[in-house]
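Me: Hi! Could you walk me through a protein model I have open? I'm new to this, so plain words please.

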Amino acid sequence: MPTYATGDRVQSCTGDLDLPDGTLGTVDHVHKDYADGIDVTFDDGQRCNILACGLDPA
């Protein structure tokens, strides 16, 4: 699984209908605890907290 840092470009791969796979975004914050996820602002304006397994590098 990739490691992410603030400012990295990512794409969703959650399988969630509200956030289609391949939606591009930018990492805002990576929490120290894996279970706390990664804060991402997606290009469509959505701000989400997602586990790393729900993201791919863009």
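Reply: Happy to help; we'll go through the salt bridges and then two threonines in this predicted model.

Me: Great. How many salt bridges does the structure hold?
Reply: There are two salt bridges in it. As background, side chains of opposite charge can pair when their charged atoms come close.

Me: Which residue does D43 meet in a salt bridge?
Reply: D43 pairs with R9, and the N to O distance is 2.8 Å. The pair links distant parts of the chain, 34 residues apart. R9 sits in strand 1, while D43 is in the loop between strand 3 (38–42) and strand 4 (47–50).

Me: And is R9 buried or exposed?
Reply: In between: R9 counts as partly exposed, because its relative accessibility is 36%, and the band for that label runs between 20% and 50%.

Me: OK, what about D28, which residue is its salt-bridge partner?
Reply: That's R47, with the closest N and O atoms 3.7 Å apart. This pair also links distant parts of the chain: D28 belongs to strand 2 and R47 to strand 4, with 19 residues separating them in sequence.

Me: How accessible are those two, D28 and R47?
Reply: D28 has a relative accessible area of 29%, so D28 is partly exposed. R47 is at 64%, so R47 counts as exposed.

Me: New topic! Where is T23 found?
Reply: Look at the loop between strand 1 (9–12) and strand 2 (24–30); T23 is there.

Me: Why does T23 get called buried?
Reply: Because its relative accessible area is 13%, and buried means under 20%.

Me: What is T23 in contact with, neighbours within four places in sequence aside?
Reply: T23 touches V10, Q11, S12, F42 and D44. Within those four places, there's P20 to look at too: its backbone oxygen lies 2.6 Å from a polar atom of the T23 side chain.

Me: Cool. And T6, where is its place?
Reply: T6 is in the segment before strand 1.

Me: Is T6 buried or exposed?
Reply: T6 counts as exposed, because its relative accessibility is 57% and the exposed label needs over 50%.

Me: What does T6 contact, again leaving aside neighbours within four places?
Reply: Its contacts are V27, D28, H29 and V30. You've met D28 already, as the salt-bridge partner of R47.

Me: Last one: how far apart in space are T6 and I38?
Reply: They are 9.2 Å apart, C-alpha to C-alpha, with their positions 32 residues apart in sequence terms.

Notes
Residues numbered from 1 in each chain as written. Predicted model: local features only at pLDDT ≥ 70, side-chain atom pairs only at ≥ 80, totals over all residues. Heavy atoms only, no water. Helix = DSSP H or I, 4+ residues; strand = E, 2+ residues; numbered from the N terminus. Buried < 20%, exposed > 50% of the residue type's maximum accessible area, 1.4 Å probe, protein only. Polar contact = N/O pair within 3.5 Å; in protein donor to acceptor, adjacent residues only side chain to side chain. Contact = heavy atoms within 4.5 Å. Salt bridge = Lys/Arg side-chain N within 4 Å of Asp/Glu carboxyl O.
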